[in-house]
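Please open the model in your viewer and keep the sequence panel beside it, since each stop on this tour begins with a selection.

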Amino acid sequence: MWGDDEKKRPMNETVFPALDPAFVALLCCPNCPERPRLTLDETTNTLACPCCERRYPIIEGLPDLRADDNEQVAAAAADSEMKF
Ligand SMILES: [Zn+2]
């Protein structure tokens with residue numbers, strides 16, 4: 001009985017600190033030539049670009065601005081399939 005509390009403790013208890021708004025204010029969309037500021041969406045934990053509406057996930061407290069790379073690769077792959 002006395003060991004139950006320890007075992008029931010959730011393992012995903014680690015909470016990463018919220019992004020500093022001052023830090024978020026420095027982030028610009030790498031996808032847009034205008035480099036618009038990204039806005040933090042705390043409900044989905046993403047950074048959103050108001051220009052191209054692309055969303056960048058925040059992984060372990062760090063924004064992943066490389067998200068568009070995967071889409072470009074996928075687009076290129078789809079493009080080559082179309083030509084075939
Ligand atoms: Zn953008």
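**First stop: a facing pair**

Select Leu40 and then Leu47 in β2, for these two residues stand opposite each other. Keep in mind from the outset that this is a predicted model. The two strands involved, β1 and β2 (residues 46–48), pair in the antiparallel sense over three bridges. If you now ask the viewer for the contacts of Leu40, leaving out residues up to four places away in sequence, you should find Leu19, Val24 and Leu47.

**The whole chain**

Zoom out and colour by secondary structure, which brings up three helices and four strands in the protein chain. Reading from the N terminus, the elements follow the order α-α-β-β-β-β-α. Next, colour by confidence: the mean pLDDT of the protein chain is 78, with 58% of its residues reaching 70 or more. Confidence is highest in β2, at 93, and lowest in α3, at a mean of 59, and α3 covers residues 67–83.

**The sheet, strand by strand**

Select the four strands together, and you will see an open sheet in the order β1-β2-β3-β4 with antiparallel pairing. At its edges stand β1 (39–41) and β4 (62–63), each of which has a single partner strand, so one side of each is left without a neighbour in the sheet.

From β2, move on to β3, to which it is joined by three bridges in an antiparallel arrangement. Thr46 is a useful place to look, as Pro57 in β3 stands opposite Thr46. The two strands β2 and β3 make a hairpin with six residues between them, and Glu53 in that turn has a positive phi of about 60°.

Then step from β3 to β4, an antiparallel pair joined by two bridges. Select Ile59 here and look across to Leu62, its bridge partner in β4. This hairpin has two residues between its strands, and Glu60 in the turn has a positive phi of about 50°.

**Two loop residues with positive phi**

Return to the loop between β1 and β2 and select Asn45. Its phi is positive, at about 55°, although Asn45 is not a glycine. Is Asn45 buried, exposed or partly exposed? Asn45 counts as partly exposed, because 16 C-beta neighbours lie inside 10 Å.

For a second case, go back to Glu53 in the loop between β2 and β3 (55–59). Glu53 has 8 other C-beta atoms within 10 Å and is therefore exposed.

**The nonpolar core**

Now select Cys29, Leu38, Leu40, Leu47, Cys49 and Tyr56, the six residues of the largest nonpolar core. Set against the whole protein chain, buried residues make up 7% of its 84 residues.

Within this group, centre the view on Leu38, which lies in the loop between α2 (21–24) and β1. Why does Leu38 count as buried? Leu38 is buried because it has 24 C-beta neighbours inside 10 Å, where the cut-off for a buried residue is 20 or more. Apart from neighbours within four places in sequence, the contacts of Leu38 are Val24, Leu27, Cys28, Cys29, Leu47, Ala48, Cys49 and Tyr56. Draw a distance from the C-alpha of Leu38 to that of Cys51 as well, and the viewer should give 9.1 Å for two residues that are 13 apart in sequence.

**Arg35 and Arg66**

Staying in the loop between α2 and β1, select Arg35. Arg35 is partly exposed, with 13 other C-beta atoms within 10 Å. When residues up to four places away in sequence are not counted, Arg35 touches Cys28 and Cys29. Cys49 lies 14 residues from Arg35 along the chain, and their C-alpha atoms are separated by 9.2 Å.

Finish with Arg66, found in the loop between β4 and α3. Arg66 counts as exposed, with 9 C-beta neighbours inside 10 Å. A C-alpha to C-alpha distance from Arg66 to Pro30 comes to 8.3 Å, although these residues are 36 apart in sequence. To place such pairs in context, consider contacts in the protein chain between residues at least 6 apart in sequence, of which 13% join residues at least 24 apart.

Terms used. Residues numbered from 1 in each chain as written. Predicted model: local features only at pLDDT ≥ 70, side-chain atom pairs only at ≥ 80, totals over all residues. Pairing = 2+ DSSP bridges. Buried ≥ 20, exposed ≤ 12 C-beta atoms within 10 Å, placed from the backbone. Contact = placed C-beta atoms within 7 Å. Core = buried A, V, L, I, M, F, W, Y, C linked by C-beta atoms within 7 Å. pLDDT = per-residue confidence, 0-100.
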